[in-house]
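User: Could you take a close look at one part of this model for me, the nonpolar patch on the surface? Once that's covered, carry on to whatever else stands out.

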Amino acid sequence: MNHLIDTGRIFLGLVFLCSVVGKIRGAASYTGFRVAMARLVPALRGRTGPVAVLVVGAETAVVGALAVPATVTAGFALAAVLLAAFTTVLASALRRDESVACHCFGGGGQPVALRHVLRNVGLLCVASAGLVARLMTTGDTAATSRPAVFLFTAGAGVFLALVTVALDELAYLLSRPEAKSTGRARG
């Protein structure tokens, strides 16, 4: 079971790392995140500064907790709480037909769509499964010790993270050819 836990750790850790880096890589990215947050959660208008710091701090804590074997359980738990909140915010925006990019990974991105909600539900399932697996695991919970298994585990985590982070780009590439020929910007 350790290799599945490690895959989840690497996968979620990289997704949250990309999220943090995307938001803080420059003033424009951080401002875009704060503006999007105000539109995604109307109750936050005028108070996005402290909440943005809290979100980025919590995401950073997830990355750190998942990186340290002794705190992996807490990392999965915090990731699950954040992902539940993020999923709720995106689903609410979708129900309100709010056309705003979530800035989940910095940058513009595409307006919130069902695929973003489903992405977060999938991430929430991984975090929840990781948490349950950690709580059920007894004894040695160190990282996978066999090099071949660890390489496969790490590779799977990295691949899943890349697909998740590049979701909008993949959706664009797989979209209908006529959508590409209109010159529509892809965020």
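Analyst: Let's start with the patch itself. F159, L160, V163, L170, L173 and L174 together make a nonpolar surface patch of about 570 Å². Keep in mind that this is a predicted model. Two helices give two or more residues each to the patch: α6, running 147-165, and α7, covering 167-173. Of the elements involved, α6 gives the most, with three residues.

L170 is a handy one to zoom in on. You'll find L170 in helix α7. Its relative accessibility comes out at 33%, so L170 counts as partly exposed. That value also fits the patch rule, because a patch residue needs over 30% relative accessible area.

Now for the pocket. The largest one has a volume of about 370 Å³. Its lining takes in 24 residues, and those nearest the centre are K23, F33, E59, F86 and C104. Several helices share the job: α1 (2-24), α2 (27-40), α3 (48-67), α4 and α5 each give two or more residues to that lining. The top contributor is α4, with five residues. As for chemistry, the lining of this pocket splits into 19 nonpolar residues, two polar and three charged. K23 and E59, both among the residues nearest the centre, are of the charged kind, because Lys and Glu count as charged.

Last stop, the backbone. If you scan the loop between α4 (72-95) and α5 (114-136), you'll come across D97. D97 isn't a glycine, yet its phi is positive, at about 60 degrees. H103 sits in the loop between α4 and α5 as well. H103 also has a positive phi of about 60 degrees, and it is not a glycine either.

So how do these two fare in terms of burial: buried or exposed? D97 has a relative accessible area of 69%, which is over the 50% cut-off, so D97 counts as exposed. H103 has a relative accessible area of 15%, and because buried means under 20%, H103 counts as buried. In short, the loop holds an exposed residue with a positive phi in D97 and a buried one in H103.

Definitions and conventions: Residues numbered from 1 in each chain as written. Predicted model: local features only at pLDDT ≥ 70, side-chain atom pairs only at ≥ 80, totals over all residues. Heavy atoms only, no water. Helix = DSSP H or I, 4+ residues; strand = E, 2+ residues; numbered from the N terminus. Buried < 20%, exposed > 50% of the residue type's maximum accessible area, 1.4 Å probe, protein only. 1 Å grid on protein atoms, 1.4 Å probe; cavity = no way out; pocket = protein on both sides within 12 Å on 5 of 7 lines; lining within 4 Å. Points joined across faces, edges and corners; volume = space filled by probe spheres on them. Patch = residues over 30% accessible without salt bridge, like charges linked within 9 Å, V, L, I, M, F, W, Y side chains within 5 Å. Areas by Shrake-Rupley, 256 points an atom, 1.4 Å probe, with all protein chains shown as cover. Salt bridge = Lys/Arg side-chain N within 4 Å of Asp/Glu carboxyl O.
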